Amino acid sequence: MKMVGEQVAAARVAKGLTQRELGKAVGLQEESIASIEQGRRPLMPDVAEVMDRELGLPGILTVAAHKMPQIDVIPPWAEPLIGLEQKAQALSSYQNQVVPGLLQAPAYADAVFRSRIPLYTPDEIEAQTAARIDRQSALRRTQPMLASFVIWEPVLRCPLGSREVLNEQLRHLAACSHLPGVTIQVLPLDRFSHPSLDGPFVLLETAEHQHIAYVESQRGSLVVSRPDEISILAQRYAMLRTQALNPEETRDLLKLLGDP
């Protein structure tokens, strides 16, 4: 991965392009190009083909990408969610343990992976964090999706990593709340009932208007497509939003929690 990344960097520089310019040409964020060039993210064959065209290379990167050894950066049980959220036209996410992956700041994501048991190696933590940040391009597409997030308040009071990491995460959430199509609400601790004590879940609507749910446990996940099961989770999410603070009240709470 490092060797291929250095080849990408050398070809880019020879072409007189910045990482941002190459990313725009191949449909990736500048951070993703940096991750590829540093050997922290594998070069995918479809991206390699476009790079070869943009950089005037005779298929060199495409061959390298097809010969790249397979690595599992994303746990197998999480892969269905990653694929669905990149193409979804609407997403609704309830989380009660950590900040949703699509909204995590880099330092917070790093702290999440450092908390994992069995422990990751430093290289694995770096790769996992980079992959998580890359996923967030789903919130910055040219055609934005509607993304609604409800987060239980204890998540925002847990200083995962450090108090400084949490403060940065709270500021990042406030910034994300202004992205087109993004709504963030906090379910406060003073509510006397809780419609989703069974845990977190994600609801997605595809471009073909198919409704899908994703539920993750300790060591596995479940993709749900049965209409009756989807209906139950949709009802729970509707009640969560009803009981949660509205977006303006949520921004006020984020500011309050972030104060020393």
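**View 1. Glu-30, with 29% relative accessibility, counts as partly exposed in this predicted model.** The side chain of Glu-30 meets that of Arg-20 in a salt bridge, with an N to O distance of 2.9 Å. Arg-20 belongs to helix 2 (residues 19-26) and Glu-30 to helix 3, so that the pair links distant parts of the chain, 10 residues apart. Arg-20 is exposed, its relative accessible area being 58%.

**View 2. A salt bridge joins Glu-37 and Arg-12.** The closest N and O atoms of the two residues are 2.6 Å apart. Because Glu-37 lies in helix 3 (residues 30-37) and Arg-12 in helix 1 (residues 2-15), the pair ties together parts that are 25 residues apart in sequence. Both Glu-37 and Arg-12 are buried.

**View 3. Glu-153 and Arg-157 form a salt bridge within helix 9 (residues 153-157).** Their side chains meet at 2.7 Å, N to O. The two residues are four apart, about one turn of the helix. Glu-153 counts as buried at 7% relative accessibility, whereas Arg-157 is partly exposed at 46%. A search of the whole structure finds eight salt bridges, including this one.

**View 4. Cys-158 and Cys-176 are not joined by a disulfide.** The closest cysteine sulfur to that of Cys-158 belongs to Cys-176 and is 19 Å away, too far for a bond, because a disulfide requires sulfur atoms within 2.5 Å. Cys-158 is partly exposed, with 36% relative accessibility, while Cys-176 is buried, with a relative accessible area of 3%. The whole structure contains zero disulfides.

Terms used:
Residues are numbered from 1 along each chain as its sequence is written. This is a predicted model: local features need pLDDT of at least 70, side-chain atom pairs count only at pLDDT 80 or more; totals for chains, interfaces and linings use all residues. Side-chain values use heavy atoms; hydrogens and water are left out. Buried means under 20% relative accessible area, exposed over 50%, partly exposed in between (1.4 Å probe, protein chains only). A salt bridge is a side-chain nitrogen of Lys or Arg within 4 Å of a carboxyl oxygen of Asp or Glu.
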